[in-house]
Amino acid sequence: MSPSLPTQMKAVAITQPGGPDVLKPVERPLPAPKSGEVLIRVAAAGVNGPDLMQRRGLYPAPPGASDLPGLEVAGEVVAVGDKVQRWSIGEKLAALSNGGGYAQYCAVDALQCLPVPKGISLHDAAGLPETFFTVWSNIFIGAGLATGETLLVHGGAGGIGTTAIQLGKAFGAKVIATDSPAERCAICRDLGADHVIDYQQEDFVETVREAGGANVILDIVGGSNIEKNFKAAAHDGRIVQLAFAAGAKVEVNLMPVMLKRLSYTGSTLRTRPAAFKARVARELEAKVWPLIESGRIRVVTRQTFPLSEAAKAHALMESAQHTGKIVLLVGES
């Protein structure tokens, strides 16, 4: 690496499994990019649900990955490993990492990097990779959402939800979103949802059934939603479970799965093969990044915190009071 780079960096580490207070500022040696990796000087890092799970001790880093939290970053390339063909020192990138984003420098697989969309700041770009990789891989590659189908998005005002609503609409789906209270529902409408259901005021099952059922359902809630999703799904519907905010252990009647020929699946992105994540990156660059650059899809960064206040960012996400993306500011934008 360049002798002009420091040997140490500031970072935020998980000192032990627990609540947000276990996140502490630390100093770590600068990571060196391995073969096929680039080293990014981080301007900002996104905060995501898997970070919270890792902090609680429920989602360990895969073998060989940094133990620091942080699965998405944006910044400037400052070093490249061998066998890196596309990216050069000085380029500005957004990247999906396997860990290590809560730091001033992060080494990432070059194939999981994307150019920063034109007109988007590095701070905003940091909130793109994790949610766009997740939604694209699950809804379009996995569930095969097609033009004219109905997509039901639970938690529409959150980071995953705001991405799913916009991608669904951009590619020709009818989008129904659930959230609460009214202020969060208004965000869903503003992003283009065709129908928004305040789940505290209205039974989403009946409303979705009246609309003909949902062909694809994206759920981060779990709990009682699991059985309700079976009822709300159309025949041959595909249900994707990405999180369990209301709990993963429930007793459900599985008969609708058989009678409606439903597919019910879950997914974690971090442990997917590198080749799959590289495929997602290239599809996003070709099909979605132009929509961001044209303004058809908006970046929804709602709250920012300095890196040293990562614990506050986690507490906000756990309170379920946030909307859109939460981003940690590390360096220059």
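Student: At roughly what angle do the axes of H3 and helix H9 cross?

Tutor: This is a predicted model, so take the geometry in that spirit. The axes of H3 and H9 (residues 274-287) come within 10 Å. Their crossing angle is roughly 95°.

Student: And is H3 roughly parallel or roughly perpendicular to H9?

Tutor: Start from the crossing at roughly 95°. Angles from 65 to 115 degrees count as roughly perpendicular. Therefore H3 sits, relative to H9, roughly perpendicular.

Student: Which residues of H3 make that contact?

Tutor: On the H9 side you'll find Phe 276, Lys 277, Arg 279, Val 280, Ala 281, Glu 283, Leu 284 and Lys 287. By class, the contact of H3 with H9 has eight nonpolar, one polar and four charged residues. From H3 come Phe 132, Phe 133, Trp 136, Ser 137 and Ile 141.

Student: Let's go to enclosed space. How much space lies in the largest cavity?

Tutor: Counting cavities of 30 Å³ or more gives one. The space in the largest cavity is about 70 Å³.

Student: Which element gives the largest share of the lining of that largest cavity?

Tutor: There are 13 lining residues, and Phe 132, Thr 163, Arg 298, Val 299 and Val 300 are the closest to the centre. Phe 132 also takes part in the contact of H3 with H9. The elements that give two or more residues to this lining are H3 and H4. The largest share, three residues, belongs to H4.

Student: How many charged residues are in the lining of the largest cavity?

Tutor: Split the lining by class: four residues are nonpolar and six are polar. The charged ones number three.

Student: Now the open space. What's the volume of the largest pocket?

Tutor: A total of 48 residues line the largest pocket, with Ile 220, Val 221, Ala 243, Phe 244 and Ala 245 the closest to its centre. Elements giving two or more residues to the lining include helix H1 (49-55), helix H3 (129-142), helix H4 (159-170) and strand S15 (325-329). The lining divides into 21 nonpolar, 17 polar and 10 charged residues. As for the volume, that's about 1400 Å³.

Student: Which strand gives the largest share of the lining of the second largest pocket?

Tutor: The second largest pocket has a volume of about 420 Å³. Its 24 lining residues include Glu 37, Gly 64, Ala 65, Ser 66 and Ala 107, which lie nearest its centre. By class they're 11 nonpolar, seven polar and six charged. The largest share, five residues, comes from strand S6 (residues 105-109).

Student: On to the sheet: which are the edge strands?

Tutor: Six strands with parallel pairing form an open sheet, ordered S10-S9-S8-S11-S12-S13. The twist averages 15° from one strand to the next. An edge strand pairs on one side only, and that goes for strand S10 (195-198) and strand S13 (263-266).

Student: Which residue in S9 is the bridge partner of Val 153?

Tutor: Strand S8 (residues 150-154) and S9 run parallel, joined by five bridges. For Val 153, the partner in S9 is Ala 177.

Student: Last one: what angle does the direction of H7 make with that of S12?

Tutor: H7 packs on the sheet, where it touches S8, strand S11 (214-219), strand S12 (233-241) and S13. Helix H7 (225-232) is also among the elements that give two or more residues to the lining of the largest pocket. With the direction of S12, H7 makes an angle of about 150°.

Key. Residues are numbered from 1 along each chain as its sequence is written. This is a predicted model: local features need pLDDT of at least 70, side-chain atom pairs count only at pLDDT 80 or more; totals for chains, interfaces and linings use all residues. Side-chain values use heavy atoms; hydrogens and water are left out. On a 1 Å grid over the protein atoms alone, a cavity is a set of points where a 1.4 Å probe fits but cannot get out, and a pocket is an open set with protein on both sides within 12 Å along at least five of seven lines; lining residues have an atom within 4 Å of a point. Grid points are joined across faces, edges and corners, and a volume is the space filled by probe spheres set on the points. Helices (H or I, at least four residues) and strands (E, at least two) are DSSP runs, numbered from the N terminus. Ala, Val, Leu, Ile, Met, Phe, Trp, Tyr, Cys and Pro count as nonpolar, Asp, Glu, Lys and Arg as charged, and the others, Gly among them, as polar. Axes are lines fitted to C-alpha atoms, for helices over the stretch in contact, and angles run from 0 to 180 degrees between N-to-C directions. Angles under 35 degrees count as roughly parallel, over 145 as roughly antiparallel, 65 to 115 as roughly perpendicular and the rest as oblique. Contact means heavy atoms within 4.5 Å. Two strands pair if DSSP finds at least two bridges between them.
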